[in-house]
Amino acid sequence: MDLLKLNEYQERSYEERPSNMGYVSYGDDNLFPQYLIDLFKSSATHNALCTSIAYMIYGDGVQADTLDARLKIQEWGLQDEVRKACLDLKIQGGFALEVVYSIDRTTIAKVRHCPFENVRSGEVNDDEKVDFYYYSKDWGDRRQEPEVIKSFDPEAAVEHPVQILYVKPFSPGSYYYPKPDYIGSIDYIELDKEIGKYHINNIKNGLAPSFTIHFKNGVPAQEERRKIRNDIERQLAGATNAGKFIVTYSDSPDRKPDFEPFPLSDADKQYQFLSTEVSDKIMVGHRVVSSAMFGVKTAGQLGNTQELEIASTLFDRQVVKPYQSIVTNALESIFLAAGTPAVISVEEVEPMTPDVATELSEDNPMRASGDVATWLIEQSEEMDEDVWELIDERKVDYENEEMQDALWTFARAIPGSSAERGSRGVSEQDNELIRVRYAYMPKVTGKNGNPSREFCQKMVAAGNRVWRKEDIIAAGNRAVNPGWGPDGTDTYSIWLHKGGGSCQHYFERRTYLRKANERISVNQARKLIREAGLEPLEVNDPLVAKRPRDTQNRGFLPSNEAAKNISTPR
């Protein structure tokens, strides 16, 4: 009789052991970081929590309190590198950054994210500090010799121009490697992965009930038993074979095989319990205050906006902010080494308040639109007069808009892709010397005895604040005057139509030059503008340069009912 040996679950080791190669092994096979990544990929709940919390840690990006530091953020392309580091921090409990010094070693030229799973720590020296770290793209391949890289030490920049800043918050019982905050729920994450495997295999095996087959004609040879087993598996396996039966042949009724099905248990209820239990324990491991924050409704809980507000505040205070402090403290040490000391912060996303919850509610037809003027004002800025000098202002005219941009192509573009620049407070129209912004003009409301709309009143009240073109265009995706869009829709192009039909405002293009730069003076810049030709590089919609009141039908769309009752004077 063949006996089946039941599988026994073995917890993955994360023991730290010195190796004969100089580095400290992380786990029995030195692959514990890779195991954590495997869990991240295998559990839907765990993956979603790690990803969402990492986004919360990153917020709306890294900010600095000095101009030099802000320029460094752009120069290094630091936003994307920090975003990656935040995900490592959540999955692995720590992160690593590669710091590359300039050729003359006086500052830092690059800061790049270094995949945490590729780095192993060296042993400590007599001062209880790690001098070197070891890097390998594949620690599972023992034939690859890891690269030895100096730990972050600005005083050693001359001898070691490439260094690793290894950030490892304190973990009880660990010295060299940090542990993720969900370490106590790893068994449940593993279980979540195995439940998924079980259901997939169940589908592949045709959802057939388990049974035993007893052959009463003796015990055949090993090769014959294997062939019989393979034949049966071929008949049963696969979702398309569900409900099929096995045809057997025997030369005697006494020698026919017996099929004894296992009685069906409440397996579905057991797995439902396991699924709920696993989800709850994973949430606890990630210190989630309320599952409703992540879109998971719990039976017996209303998940109202007050609960969301309290849960969001607690989670931000207990989880997100401590993580953000780890990130900003590490970055401040890098800026100090670069000779640009600064206070680094993370621009936080708006917490879940009743107003935000209502705005995001599926029952709210205006969700995610909010007050457009308020949103635009939040995106606006006041140009620092100590840094930027206004050299030109004129009504927007796209017939020479691109030509004006082309005047400054001799200046170095700001590093990073256009998508990165567009989301970091820097416009695609900007470079190291020039900033292009737009003002909402004129700064008056209620002309000709007609009161201005609330949108225009707020935009005018913003005073000297100005906007990037990208933000004005993006505002067109938000409802301004419900029903005033094409065919009665709620949205229209604010870039073209401002406050709507009969609006008396327009956008004014303003060009700013960086003061005290060594490339071009204010007079020279203004001379370039005066000498520029007026031939357009591309003909764009002339509505941009006009007040809606000065356009056909006074800016009202023919498809809109409001156009039928025009009472405002020209």
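Is R112 buried, exposed or partly exposed? R112 is partly exposed, with a relative accessible area of 36%. Keep this arginine in mind, as the points below come back to it. One caution before you start: this is a predicted model.

1. **The sheet as a whole.** A good place to begin is the open sheet of 6 strands, whose order is 5-4-9-8-7-6 and whose pairing is mixed. Strand 5 (108-114) and strand 6 (119-121) each have a single partner strand, so they stand at the edges and one side of each is left without a neighbour in the sheet. From one strand to the next, the twist averages 40 degrees. As background, strands of a sheet pair through backbone hydrogen bonds, either parallel or antiparallel.

2. **Strand 4 and its burial.** Strand 4 covers residues 95-101. Because 7 of the 7 residues of strand 4 are buried, this strand is largely enclosed by the rest of the structure. In a regular strand the side chains alternate between the two faces of the sheet. Here both faces are covered: F95, L97, V99 and Y101 are buried on one side, and A96, E98 and V100 are buried on the other.

3. **The partners of strand 4.** With strand 9, strand 4 pairs in the antiparallel sense over 6 bridges, and L97 has L165 of strand 9 as its bridge partner. With strand 5, strand 4 also runs antiparallel, again joined by 6 bridges. In that pairing Y101 is matched with I108 of strand 5. Strands 4 and 5 form a hairpin with 6 residues between the strands, where R105 takes a positive phi near 65 degrees.

4. **A parallel neighbour.** The mixed character of the sheet shows up on moving along to strand 8. Strand 8 (residues 147-151) and strand 9 (residues 162-167) run parallel and are joined by 2 bridges. If you would like a pair of residues to look for, K150 stands opposite Q163 in strand 9.

5. **Back to R112.** What does R112 pair with? Its salt-bridge partner is E98, and the closest N and O atoms are 2.7 Å apart. The pair links distant parts of the chain, with E98 in strand 4 and R112 in strand 5, 14 residues apart. E98 is among the buried residues of strand 4, whereas R112 is partly exposed at 36% relative accessible area.

6. **Other salt bridges.** How many salt bridges are there? The count comes to 27. Side chains of opposite charge can pair when their charged atoms come close. One of the pairs is D141 with R143, at 3.1 Å from N to O. D141 is buried, with a relative accessible area of 17%, while R143 is exposed at 75%. Elsewhere, E381, D430, R435 and R437 are linked in a network of salt bridges.

7. **A pair along a helix.** E531 and K527 also form a salt bridge, their closest N and O atoms being 3.9 Å apart. These two residues lie 4 residues apart in helix 16 (residues 522-531), which means that about one helical turn separates them. E531 is exposed, with a relative accessible area of 55%, and K527 is partly exposed at 42%.

8. **A buried charge to look at.** E117 sits in the loop between strand 5 and strand 6, the two edge strands of the sheet. E117 is buried yet has no salt bridge, and R120, the nearest side chain of opposite charge, is 7.6 Å away. Leaving aside its neighbours within four places in sequence, E117 is in contact with P33, Q34, I37, D88, Q92 and W139.

9. **The two sides of helix 13.** Which residues of helix 13 (residues 454-461) are buried? They are F455, C456, M459 and V460. Because these residues cover an arc of only 125 degrees around the axis, they lie on the same side of helix 13. The exposed residues E454 and A461 are carried on the face turned away from that buried side.

10. **What surrounds helix 13.** The buried residues of helix 13 pack against helix 10 (372-379), strand 14 (434-441) and helix 15 (494-497). After helix 13 comes G463, with a positive phi near 70 degrees.

Technical notes: Residues are numbered from 1 along each chain as its sequence is written. This is a predicted model: local features need pLDDT of at least 70, side-chain atom pairs count only at pLDDT 80 or more; totals for chains, interfaces and linings use all residues. Side-chain values use heavy atoms; hydrogens and water are left out. Two strands pair if DSSP finds at least two bridges between them. Axes are lines fitted to C-alpha atoms, for helices over the stretch in contact, and angles run from 0 to 180 degrees between N-to-C directions. A salt bridge is a side-chain nitrogen of Lys or Arg within 4 Å of a carboxyl oxygen of Asp or Glu. Buried means under 20% relative accessible area, exposed over 50%, partly exposed in between (1.4 Å probe, protein chains only). Lys and Arg count as positive and Asp and Glu as negative; His and the chain ends are not counted. Contact means heavy atoms within 4.5 Å. The arc is that of the directions from the helix axis to the C-beta atoms.
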